[in-house]
Amino acid sequence: MTISSPPHGGRLREAARRFDRPLADWLDLSTGINPCSYPLPPLDIDVWRRLPDDDDELPVIAARYYGVPATARVLAVAGSQAAIRTLPRLLPPGRIGIVPLTYSEYAPAWRRAGHEVVPVDLDGIEAALPTLDVLLVVNPNNPTTERVAPGTLLRWHETLAARGGLLLVDEAFMDASPAHSIAAHTGAPGLLVCRSVGKFFGLAGLRAGFALGEPALVDRLAAELGAWAVSGPARAVVATALADTDWQQAMRDRLQRQQSRLVALLAHHGLKAVSTPLFCWCPHPDAPALYHALAQQGILVRCFPALGGHGPSLRFGLPDDDSWARLDAGLAHAFSTPGAGAAPLTQG
């Protein structure tokens, strides 16, 4: 059976064609990518001329940044997407628990590899654990922003690992609040943590991320991905960004302020939001119509259908410094356009 890839945020060219609006005239809030990206460092010409060196200092720098123990292995991957697609093929078919409304690449990838995907709500995981071989937790969850405490995750891991199971934790949006990470425990069998560089650092185009876990499993993942999974320039930029603690702390402070500003702006227009520092999630019965009304103004957000006990909803990424007024005006217009709706471009 062919399982198509789910749609994502971004896809500006498709939106430009659909709404007949020039590509340059869009405000893209459909992703959770930091609009204030890490400044690219100058790169030596040899970084471009030579093959990537998988034995460079990047794993050491990443281990320090994520707080990974010496018993774990750190593997650079071409975005956490590479691990998402590859890991299911490395494990025997089994039952994997996934909450229904979360990052939409996981369920198709595990089904494609012959696993049974079991929908589980967060409050039902304890009861479901004895029936699962793998549990996936996106923490904080995308898009609902729910966060599971480290102690709870470690308890779930202990239960799974005792039966040879695996806890897979996607911490793609954890960089803004690193105290909630469980990367420090990744040396233990049965635990794998995926991290993304693109979100917090605003460098999604680099396609860089990390898999953190016990060497036996991460070594198999490395062998499956092969040599040169991450380009030399990407490795150099990521190494610099992960070592820049001053920029990281300043950005965490900035994102906290921007998060509060976005929540307040949405509330001003009647949207009750829950939030992470990089995006807000707003359940709303008229989400598809609002999505469409915003898109007609060149403002692209993410629209989700009713799923997993949640009604339809919108996700808003952070505007850049010059775009707050445009979003404010766009929301005012959207709410004054009753019934302006069509099937949204980015569901699922």
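Is Asp-25 buried, partly exposed or exposed? Asp-25 comes out as partly exposed, with a relative accessible area of 31% (buried means under 20% relative accessible area, exposed over 50%, and partly exposed in between, using a 1.4 Å probe and protein chains only). The model is a predicted one, where local features need pLDDT of at least 70 and side-chain atom pairs count only at pLDDT 80 or more, while totals for chains, interfaces and linings use all residues. Residues are numbered from 1 along each chain as its sequence is written, and side-chain values use heavy atoms, with hydrogens and water left out.

Now for the chain as a whole. Its secondary structure adds up to 12 helices and 13 strands (these are DSSP runs numbered from the N terminus, H or I over at least four residues for helices and E over at least two for strands). A compact globule of 348 residues would have a radius of gyration near 20 Å, and the chain agrees with that at 20 Å (the radius is taken over C-alpha atoms, and the globule rule is 2.2 Å times the number of residues to the power 0.38). The C-alpha trace spans about 55 × 55 × 40 Å along its principal axes. Of the 348 residues, 53% count as buried. Take the contacts between residues at least 6 apart in sequence: 73% of them join residues at least 24 apart (contact means heavy atoms within 4.5 Å).

Helix α11 is a good place to look at burial. It covers residues 287–295, and 8 of these 9 residues are buried, so the helix is largely enclosed by the rest of the structure. Among the buried ones are Leu-290, Tyr-291 and His-292. So what does the covering? The cover over the buried residues of α11 includes the helices α1 (12–18) and α12 (324–335), along with the strands β11 (299–300), β12 (302–304) and β13 (313–317).

Next come the charged side chains. The count of salt bridges is 13 (a salt bridge is a side-chain nitrogen of Lys or Arg within 4 Å of a carboxyl oxygen of Asp or Glu). Asp-25, from the opening question, has Arg-21 as a partner, and the closest N and O atoms of this salt bridge are 2.9 Å apart. Arg-21 is partly exposed too, at a relative accessible area of 24%.

Other pairs reach across the sequence. Asp-54 and Arg-235 meet in a salt bridge at 3.6 Å, N to O. This pair links distant parts of the chain, 181 residues apart: Asp-54 sits in the loop between α2 (45–49) and α3 (58–66), and Arg-235 in helix α9 (residues 232–243). Asp-54 is partly exposed at 37% relative accessibility, whereas Arg-235 is buried, with a relative accessible area of 5%. Glu-224 and Arg-89 form another salt bridge, at 3.3 Å from N to O. Glu-224 lies in helix α8 (residues 215–225) and Arg-89 in helix α4 (residues 80–90), so the pair ties together parts that are 135 residues apart in sequence. Glu-224 is partly exposed, at 42% relative accessibility. Asp-46, Arg-49 and Arg-50 are joined into one network by salt bridges that share partners.

Then there is Arg-252, in helix α10 (residues 245–268). Arg-252 is buried yet has no salt bridge, and Asp-175, the nearest side chain of opposite charge, is 5.5 Å away (Lys and Arg count as positive and Asp and Glu as negative, with His and the chain ends not counted). Leaving aside residues up to four places away in sequence, Arg-252 touches Tyr-65, Asp-175, Ala-176, Pro-178 and Phe-200.
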